[in-house]
Amino acid sequence: MVENITRLNYKDKEIILVATAHVSEASVVLTKETIELEQPDSVCVELDEGRYKNIQNPRAWEQTNITQIVREKRVGFALVQLLLSAYQKRLAKKLGTKPGGEMIQGIESAEEIGAQLVLADRNIQTTLLRTWRLLSAKERLKLFTAITGLFGAKDEDDITEEAIAKMLEKDMLSSILEEMQDTVPTVVKVLIHERDQFLANKIKNAPGHKIVAVLGAGHVPGVIEEINKEQDMERISALPQKKSKLKIIKWIIPAIIIGLLAYSFVQNIEMGFQNLWIWWLWNGGLSALFTLLSLGHPLSIATAFLAAPITSFVPFLAAGWFAGLMEAKIRKPRVEDLQNLSEDALHLRRFFKNRVLRVVAVTIMANVGSTIATFVAGAEILRNTFG
């Protein structure tokens with residue numbers, strides 16, 4: 001495994017990069033042996049504060065407050081985190097290892113030798129939000145397709161220790177990154193290149209003269225390239241503003257609908273009520289239908305039906321939040337739902353039996369139905385008003 005060790009010099013510091021695969025037992029052993037042999041002043045691990053706490057408390061999901069997540073509008077973010085964690089756990093289970101075992105080992109080994117522990121990665125919420133806000137609509141669709149393929153196409157039986165070993169080959173990693181660069185360049189930029197910059201800055205500024213950094217193999221080439229460069233940490237740590245075009249569209253569409261409804265009432269009271277009925281039936285009906293498809297409780301379905309026609313006029317509200325809160329209130333998550341989150345997230349039948357995941361599904365699906373209905377109802381109102 002010597003080929004997975006890279007030695008760098010930065011000013012008066014010696015930096016040892018340990019390239020790992022996050023579900024490989026060999027990487028755990030390599031991490032332990034390297035830190036014990038090198039006796040560094042600092043050990044850097046590819047973790048942020050949040051993931052560090054989760055590793056320290058692997059049962060953290062059991063304290064999840066799903067109602068609070070819905071209220072804080074973090075359902076999508078939580079789902080992405082959960083799916084990525086679940087996929088990694090599935091690979092680790094197949095190989096008989098712990099997910100992030102090499103990071104755990106890095107933390108333990110640093111403590112054993114009295115080295116300074118440095119959490120070198122960028123906050124995961126910042127990374128995901130930067131990714132989403134910088135993506136074009138076309139890239140978001142491609143990303144969705146890629147994620148669907150990741151969780152649906154490959155069977156666990158295809159994952160072997162040999163396959164994990166190949167993940168550590170730099171040439172193979174380079175070709176994978178080049179392929180991603182062609183399909184979803186923004187994802188590669190934010191998830192890989194920006195984090196390479198962030199990691200490199202944290203590593204070279206770690207305390208002491210000898211530093212061991214435990215990194216996923218995919219980041220090692222980028223960190224090597226960045227170590228002697230200046231990084232704009234303020235820029236890559238900031239959340240980009242939401243795209244102005246999207247903000248304008250969110251306000252323009254409701255304004256157009258309200259204008260059409262007002263115009264139809266002025267022209268003909270009967271037509272006005274017809275259009276109002278069209279709006280309510282389509283918006284409430286589709287939101288309720290999508291809530292039903294996500295196996296929501298009847299009261300959640302009713303909430304979606306009543307909320308969608310109103311929330312569609314207010315860009316900072318969403319029918320799914322109300323339907324999701326109702327679902328969480330009626331079907332309070334059980335301890336077993338929280339314990340089985342990772343496993344249930346990757347199996348369709350079990351997904352909808354898990355009360356936490358069902359709240360997530362209701363929240364998202366009610367919003368999707370309402371969004372589709374806004375355009376359909378708008379078209380119907382135009383047709384009814386102007387023939």
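## A tour of the chain, from core to surface

Buried residues account for 44% of the 387 residues in the chain; buried here means under 20% relative accessible area, exposed means over 50%, and partly exposed is in between (1.4 Å probe, protein chains only). The model is predicted, so local features need pLDDT of at least 70 and side-chain atom pairs count only at pLDDT 80 or more, while totals for chains, interfaces and linings use all residues. Residues are numbered from 1 along each chain as its sequence is written, and side-chain values use heavy atoms, with hydrogens and water left out.

**Whole chain.** Colour by secondary structure: the chain has 20 helices and five strands. These are DSSP runs numbered from the N terminus (helices: H or I, at least four residues; strands: E, at least two). Of the contacts between residues at least 6 apart in sequence, 78% join residues at least 24 apart, where contact means heavy atoms within 4.5 Å.

**The largest core.** Select Ile15, Leu17, Cys44, Ile203, Leu215 and Val223, which have the most contacts inside the largest nonpolar core, a set of 19 residues. A nonpolar core is a set of buried Ala, Val, Leu, Ile, Met, Phe, Trp, Tyr and Cys residues joined through side-chain atoms within 4.5 Å. At least two residues of this largest core come from each of strand S1 (5-10), strand S2 (13-20), helix H10 (185-204), strand S5 (210-216) and helix H11 (220-226). A second, separate core has 13 residues, among them Val18, Ala110, Val212 and Val214.

Now centre on Leu17. Neighbours within four places in sequence aside, Leu17 is in contact with Asn4, Ile5, Thr6, Leu8, Ile203, Ala213, Leu215, Val220, Val223 and Ile224.

**Salt bridges.** Next, show the charged side chains; the whole structure holds 14 salt bridges, each a side-chain nitrogen of Lys or Arg within 4 Å of a carboxyl oxygen of Asp or Glu. Select Glu46, Asp48, Arg51, Asp121 and Arg195, which are linked in a network of salt bridges. Within this selection, the side chains of Arg51 and Asp48 meet at 2.9 Å, N to O. Arg51 is partly exposed, with 21% relative accessible area, whereas Asp48 is buried at 4%.

Move to Lys229 and Glu225, whose side chains form a salt bridge at 3.4 Å, N to O. Here Lys229 is partly exposed at 36% and Glu225 is exposed at 52%. Then select Glu327 and Arg331, paired in a salt bridge at 2.8 Å, N to O; Glu327 counts as buried because its relative accessibility is 1%.

**Two pairs to measure in the viewer.** Glu36 lies in helix H1 (residues 25-38) and is partly exposed at 38% relative accessibility. Draw a line from Glu36 to Glu112: the C-alpha atoms are 9.0 Å apart, with these positions 76 residues apart in sequence numbering. Lys353, in helix H19 (residues 348-353), counts as exposed at 62%. Its C-alpha is 9.1 Å from that of Leu295, and the two residues are 58 apart in sequence.

**The surface.** Finally, switch on the surface. The chain exposes about 20,200 Å², of which carbon and sulfur atoms supply 60%; areas come from the Shrake-Rupley method with a 1.4 Å probe, and for residues only the protein chains shown count as cover. Select Trp251, Phe316, Leu317 and Phe322, which make a nonpolar patch of about 420 Å². Such a patch is made of residues with over 30% relative accessible area and no salt bridge, with nonpolar side chains (Val, Leu, Ile, Met, Phe, Trp, Tyr) joined within 5 Å and, in charged patches, like charges within 9 Å. Trp251 belongs to helix H13 (residues 244-267).
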